[in-house]
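Thanks, everyone. I'll keep this brief. Please have the sequence and the structure up before I start.

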Amino acid sequence: MSNYYTSEKNTQILIQLMKEHGIKKIVASPGSTNICFIASVQQDAFFQVYSCVDERSAAYMACGLSAETGEPVALSCTGATASRNYMPGLTEAYYRHLPVLAITSTQSIERVHQNIPQVVDREVLPNDIANLSVHLPSVHDGESEWSCVVKVNNALLELKRNGGGPVHINLTTEYSTDFSIKELPSVRKIERIQIYDDFPQITSSRVAVFVGAHEKWTEELTIAVDDFCASNNAVVLCDHTSNYWGKYRILPNALCGQRLYKSKCTQVELLIHIGEISGSYMAINPKSVWRVHPDGELRDTFKALKYVFEMDEITFFKKYTNSDSKTNYYLNEWIEENNKVFSKIPELPFSNVWTAHELAPLIPKGSIIHFGILNSLRSWNYFELQQGINGFCNVGGFGIDGGISSLVGASLVDEKKLYFGIVGDLAFFYDMNALGNRHIGNNLRLMVVNNGRGSEFRNSISWASMFGENVDKYIAAAGHFADMSPCLIRHYAEDLGFEYLSASSKVEFEKIKEHFVQSQRTDKPILLEIFTQPEDESKSLELMTTILKSGNVTAKEMVKDILGTKVTKAIKKYRTDN
């Protein structure tokens with residue numbers, strides 16, 4: 001019987017990507033744990049395999065092969081102490097910047113430290129034997145397969161990055177005896193482009209620039225992006241932390257959040273990804289993604305990364321700009337689809353979303369606004385602010401802590417600007433000590449949305465809602481901090497020198513909203529507390545995400561799209577069992 005490739009998917013992915021990246025030379029040492037890899041490559045004519053019994057010698061052989069040819073060279077060894085013998089040769093490769101790829105095969109790492117033969121801990125490596133070390137677990141689902149593809153691409157690219165050097169891959173095996181796979185799977189190759197490389201061409205006709213959280217834009221960068229969009233029929237997809245205010249800005253969060261409607265606009269052919277983490281959770285489906293960032297790291301947010309451009313954004317956008325401006329029909333499509341949503345916004349109950357709808361167009365130009373995670377940012381992302389307002393949120397660590405402190409710190413920079421903050425009650429009480437800082441000026445305005453709990457977990461689209469009111473006990477942490485006391489925050493704020501405002505209804509809110517957003521400086525900083533109910537917060541979100549309906553999309557399908565198949569199955573099982 002003829003043997004072909006192993007059935008182990010992680011090994012298939014590694015082999016295919018080694019071929020895609022042109023790594024053909026392999027020095028193999030004997031053993032059982034690396035059989036799946038070696039038996040697969042030895043029958044593939046693409047690879048040049050050399051045998052060496054002593055792993056220490058094998059690593060030095062790889063150094064010699066690499067130095068002579070200028071090519072990456074792979075090593076393969078079994079488990080136990082075999083990999084330890086690579087260290088002298090890999091140290092040599094590290095200091096000479098030789099691209100040696102050490103593939104150490106291993107049993108499941110869950111067996112480490114369990115007195116199981118031939119299992120050693122490779123989790124921590126000496127600093128000078130590899131520029132990067134990745135572990136490839138067995139692949140059993142789509143998520144683990146995607147992770148494996150990104151990790152292998154990252155490892156193989158690192159061999160030549162910044163002058164090159166050794167890289168380590170810890171390859172898990174389950175000792176499969178199935179070698180019946182005649183063809184390797186098609187695997188997405190990711191490439192890194194640096195300033196001196198040949199740049200790929202843009203052939204797509206529907207291009208979007210997705211901007212995650214971004215520092216304040218310079219005029220030069222805004223012009224460069226606008227010129228790029230004019231040349232490539234492109235739009236710029238933003239949330240309130242993107243801070244782009246050029247000609248091609250689209251705020252698509254309301255449109256992309258529709259659970260019963262999928263806009264054709266979201267089928268992006270090419271997505272240019274810039275900025276950092278986004279808290280907008282936009283449901284867009286790019287066919288291909290190009291990430292642009294000076295760090296050059298692989299960040300496969302949309303699971304479609306093709307290129308990462310290791311350079312500054314201005315250099316990239318100028319490279320792909322020409323003097324021929326095209327009719328930007330894609331921009332017009334987005335505007336038309338967005339208008340569909342905004343023309344049909346229903347009557348919303350008193351909630352974070354409703355106050356965002358009322359206040360967003362009133363925040364004075366030139367202001368800065370900080371949002372809390374997660375409901376506040378989401379609610380305000382639905383509605384457009386005035387031109388030029390910069391927004392920020394602690395989306396890096398993505399926790400509720402520190403939002404007020406960040407706002408206070410920012411407000412100290414320019415006492416002539418107004419700094420607004422929007423936070424929920426749990427975020428407020430988590431960080432309330434910041435309001436006692438003696439440097440706070442009268443340019444700070446803070447709105448606290450108090451519903452007595454983490455209302456995010458009571459929202460109908462949250463999978464935590466499967467527990468009903470039981471979610472309040474511990475998950476949503478209801479009932480703390482005097483349980484929506486009308487006095488607690490008031491006394492605290494006033495004792496600290498704040499002007500205190502409050503509202504528990506739309507009527508009360510209408511009476512004080514103009515004062516909260518007035519552009520004139522008040523004598524004191526202002527704290528506005530609004531009291532909402534979790535049912536109204538959930539209802540508002542439900543109404544905002546079902547404005548548009550499409551006959552070919554069911555609510556069940558959209559929930560799966562948002563939460564994922566595993567989560568929806570868990571919810572269904574829980575409700576059946578209870």
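Let's start in a loop. L374 sits between β14 (368-371) and α11 (375-381). Keep in mind that this is a predicted model. What kind of peptide bond joins I373 and L374? A cis one, with omega at about 0°. As background, most peptide bonds are trans.

Next, the backbone angles. Most residues other than glycine have a negative phi. I have two residues to show you here.

Take H113. Its phi is positive, about 65°, and it is not a glycine. Where is H113? Look in the loop between β4 (100-106) and β5 (132-136). The relative accessible area of H113 is 63%, so this residue is exposed.

Now N233. Here too phi is positive, near 50°, in a residue other than glycine. N233 lies in the loop that runs between α6 (219-232) and β9 (234-237). Is N233 buried or exposed? Buried: its relative accessible area is 4%.

On to the cysteines. How many disulfides does the structure hold? Zero. Take C229. The nearest cysteine sulfur belongs to C238, and that is 9.5 Å away. A disulfide would need the two sulfurs within 2.5 Å, so that pair does not qualify. C229 is also buried, at 0% relative accessible area. What about C393? That cysteine is in no disulfide either. For C393, the nearest cysteine sulfur is again that of C238, at 16 Å. C393 counts as buried too, with 12% relative accessibility. The cut-off for buried is under 20%, which means that 12% falls inside it.

Last topic: the nonpolar cores. The largest one has 97 residues. Which residues have the most contacts inside it? F228, I272 and W380. Among the elements, α6 gives the most to this core, with six residues.

Let's zoom in on F228. I'm leaving aside its neighbours within four places in sequence. F228 is then in contact with I202, V207 and V209, among others. A234 and I272 are on the list as well. So are F316, F317, Y320 and T321. Note that I272 appears both as a contact of F228 and among the residues with the most contacts inside the core.

Apart from this core lies another one, of 31 residues. Its members include Y5, I26, L101 and V187.

To recap: one cis peptide bond to look at, between I373 and L374. Positive phi at H113 and at N233. Zero disulfides. And a largest core of 97 residues. Over to you for questions.

Key: Residues are numbered from 1 along each chain as its sequence is written. This is a predicted model: local features need pLDDT of at least 70, side-chain atom pairs count only at pLDDT 80 or more; totals for chains, interfaces and linings use all residues. Side-chain values use heavy atoms; hydrogens and water are left out. Buried means under 20% relative accessible area, exposed over 50%, partly exposed in between (1.4 Å probe, protein chains only). Helices (H or I, at least four residues) and strands (E, at least two) are DSSP runs, numbered from the N terminus. A nonpolar core is a set of buried Ala, Val, Leu, Ile, Met, Phe, Trp, Tyr and Cys residues joined through side-chain atoms within 4.5 Å. Contact means heavy atoms within 4.5 Å.
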